[in-house]
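Reader: I'd like a close look at one small spot in this predicted model, and then a walk outward from there to the rest of it. Keep it informal, please.

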Amino acid sequence: MSGPVLAQAAGGKAAPARPVRRPSPAGMLPVVAGLAALALFLPIGQRGAEGAAVTWLGHPMALLFLLGAALCVGTGRSAVTPMRSAVMELAAVLLAWALPFHLLGEGFDLGRAWGMWLFLVAATVLLWRVLAVFSAVPGALRSAVVPGLFGLGLLAGWEVVVRGFSVPFILLPAPSAILATTAAQAPVLWADFYQTVVKSVLRGYLIGCGAGFAVAILADRVPFLARGLLPLGNVASAIPIVGIAPIMVMWFGFDWQSKAAVIVVMTFFPMLINTLAGLAASERIQIDLMRSYAAGYWRTLALLRLPNALPFLYNGLKINSTLALIGAIVAEFFGTPVVGMGFRISTEVARMNLDIVWATIVVAALTGSLFYGGLALLERATTAWHPSMRRR
Amino acid sequence: MTTRVGVTVGERLLPLGVTLLAVLVLWYAGTLWLNGPQAAEMLNRAGTDWGAMDFARRAFTMPRPLLPTPDQILVELHKSVTGYPLTNVRNLLYHAGVTAGAALTGLGLGVLLGIVLAAGIVHVKVLEHSLLPWVIASQTIPILAIAPMVVVILGNAGLTGLMPKALICMYLCFFPITVGMVKGLRAADPLWLDLMRTYSAGAATTFWKLRTPASLPYLFASLKVSVAISVVGAIVAELPTGGQAGIGTRLLSGSYYGQTIQIWSALVMAALLSMALIGVVRVAETVVVRQAGAR
């Protein structure tokens, strides 16, 4: 929150006396050129694992990629605005990153293709330069395009390194291989998703958060209860509640009931604490105003205190969204019908079928992100009026 | 003085005491309810007549109860802690030590990674806009679910024992540290930042002499969260390693053999470990923050 204020205060006053020294984007271009020039003298791959090394000059297509990238950067230099030259440079980066995919497609082995890797390093430095220009612009470019390009770069780097160095499948499969497995195993993954998320997580989450909320309202009416429960809640946040999973499996059986029970216990206290904190967030003067309107407890709660508590409620709901997924999956390690994401992970790991494990992880990651993102969107839609949402 | 003591007792201890008492009563009632059928069956099999007292005594002293009583758990804890030497695998403290080792190693790595990331994010604008969203997204992934796979994969790569567990703890720990430190490193008063500028201090000097001390309270707040998460991470990471040592292993073997008392005592030990580590952080906080000159 204080970031922009601080930057303005510090930068605005002192800028004339002592310009802030940042790694200037312009200074990076010679680095890029130097790296690319050095790369020219090194091989770009071998035909097959035993074949002779191929240089840039021995592969006309590779030279075309190089020339294209250089041309893009050159055109960018003469562009009118930094933004336009950044876009041209982005095109150069994309061209450069397409080269290894082209070579891999032709069956090249990139294990000792140091020219190739150096070229990619140069392209990455160039990408950094582009991101520096983009992130100076507020708006969608900064909040969506910059992280998007960064993530895309990570994915591309993962793919190229895994395939280029032929990393064993057991250690780390390429993203494309994981995606292919996800598509091929869709029915199995869907059954697991249904068992774990729809049956266990949603029910446990709703019951746990509902109970935490209800008890918080009760504790708000009976302060004695609040003073007794709050220390317990603080202790509960310090202890590893996931550990009750084997007990719950013993009590409630292998099916979704035991997982939901674990989730209920895990999510109860965060919701309780956050709701109590939220109910305390209304100011004395606001409550006094409600009293002067002759509003009773419930009316004050519904019209003033709950709306004011919304940011806290969402905080609890968001924390619990991740906790619920973890609780369900970990509880499935202790026993489950032969379906479910935790079951899939633990059994397929033992059988070394790591591709389906990775596919399950992709599903879990997507579920977690969508759950969290959905809550964040809902929060933005329902608490846009709240002071904590200003200046964003 | 007496009034102040009276207020604390009335406002704090009394509600807490009543709540704890209620939990205990409910616990014993639950023991009766859950172990009742099993206890009744055992008494019937014995053949002799039995009354309510016999029934209660039976339900409270089952060898493998569905829900053990608190005194059973305490006896088991006491026995396993004092009955064997510290290096024996039957000593629960030994397992707690193994878990604590992994958790603390992971915490150390996580703190290092978190601080480096935070320093980068605070100083390099590109990182703030490109990396921070992914740091946040990384936490919506249920990483604990991946723990067994990480352990197996790292085992294939030749890493066994402490390191795989520590790496999982690291992944869990770095997030609160990063977020807390980004806030903390920016928490320095703008006036002080200007003062540093008038001293012609560079970014490095400002970082070490102003930003770091100013961020200490944030660091310790994050550390308390991270320690608790780290213990959870270490325990879950111990689940798939099977048959070695650690609180997680005790949980798993207890669940395999139906040793409920063992599970509960391992759980209590995990809670104690977690609270003890948080206590250590709290002590370190008072010492360090006082040294750094905070009021």
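Is A294(A) buried or exposed, and how many other C-beta atoms lie within 10 Å?

Author: Keep in mind that we're looking at a predicted model. A294(A) is exposed: 7 other C-beta atoms lie within 10 Å, and a residue counts as exposed with 12 or fewer. You'll find A294(A) in the loop of chain A that runs between α12 (284-292) and α13 (297-332). Its backbone deserves a glance too, as phi of A294(A) is near 65°, a positive value in a residue that isn't glycine.

S166(A) makes a good companion case. Phi of S166(A) is near 45°, again a positive value in a residue other than glycine. This serine sits in a loop as well, the one between α6 (140-164) and α7 (175-184) of chain A. S166(A) counts as exposed, with 11 C-beta neighbours inside 10 Å.

Now zoom out to the chain that holds both residues. Chain A has 15 helices and three strands. The domain assignment splits chain A into domain 1 (22-167) and domain 2 (181-389), and the C-alpha centres of these two domains lie 43 Å apart. On overall dimensions, the C-alpha trace of chain A spans about 85 × 65 × 30 Å along its principal axes. The radius of gyration of chain A is 28 Å, whereas a compact globule of 392 residues would come in near 21 Å. As for packing, 39% of the 392 residues in chain A are buried. Take the contacts in chain A between residues at least 6 apart in sequence, and 71% of them join residues at least 24 apart.

Chain B is next. Chain B has twelve helices and zero strands, so its pattern along the sequence is simply α repeated, α-α-α-α-α-α-α-α-α-α-α-α. The domain assignment gives chain B a domain 1 (2-66) and a domain 2 (92-291), with C-alpha centres 37 Å apart. The C-alpha atoms of chain B fill a box of roughly 90 × 65 × 35 Å, taken along the principal axes. Chain B has a radius of gyration of 25 Å, against a value near 19 Å for a compact globule of 295 residues. Of those 295 residues, 39% count as buried. For contacts in chain B with a separation of 6 or more, residues 24 or more positions apart account for 73%.

Two helix pairs in chain B are worth a stop. In one of them, α4 (residues 92-123) packs with α11(B) at an angle of about 125°, and the axes are 7 Å apart. That angle makes α4(B) oblique to α11(B). On the α4(B) side the contact uses H95(B), A96(B) and T99(B), while α11(B) brings I247(B), G248(B), T249(B) and R250(B). Sorted by class, this contact between α4(B) and α11(B) has two nonpolar, four polar and one charged residues.

The other pair is α3 (residues 70-82) of chain B with α12(B), packed at about 75° with axes 9 Å apart. This makes α3(B) roughly perpendicular to α12(B). Q72(B), I73(B), E76(B), L77(B) and S80(B) of α3(B) make the contact with I261(B), W264(B), S265(B), V268(B) and M269(B) of α12(B). By class, the contact of α3(B) with α12(B) has six nonpolar, three polar and one charged residues.

That leaves the place where the chains meet. Here 51 residues of chain B are in contact with 55 residues of chain A. Several helices of chain B each supply at least two residues to the side that touches chain A: α1 (2-46), α5 (125-130), α6 (132-138), α7 (143-156), α9 (190-198), α10 (203-238), α11 (247-256) and α12 (260-291). By class, that side of chain B has 35 nonpolar, ten polar and six charged residues. Two of those helices have already come up: α11(B) packs with α4(B), and α12(B) packs with α3(B).

Back at the spot you asked about, then: A294(A) is an exposed residue, placed in the loop between α12 and α13 of chain A, with a positive phi near 65°.

Definitions and conventions. Residues numbered from 1 in each chain as written. Chains lettered and ligands numbered in written order. Predicted model: local features only at pLDDT ≥ 70, side-chain atom pairs only at ≥ 80, totals over all residues. Domains from an automatic or database assignment. Contact = placed C-beta atoms within 7 Å. Helix = DSSP H or I, 4+ residues; strand = E, 2+ residues; numbered from the N terminus. Nonpolar A, V, L, I, M, F, W, Y, C, P; charged D, E, K, R; others polar. Rg over C-alpha atoms; globule rule 2.2 N^0.38 Å. Buried ≥ 20, exposed ≤ 12 C-beta atoms within 10 Å, placed from the backbone. Axes fitted to C-alpha atoms, helices over the stretch in contact; angles between N-to-C directions. Parallel < 35°, antiparallel > 145°, perpendicular 65-115°, else oblique.
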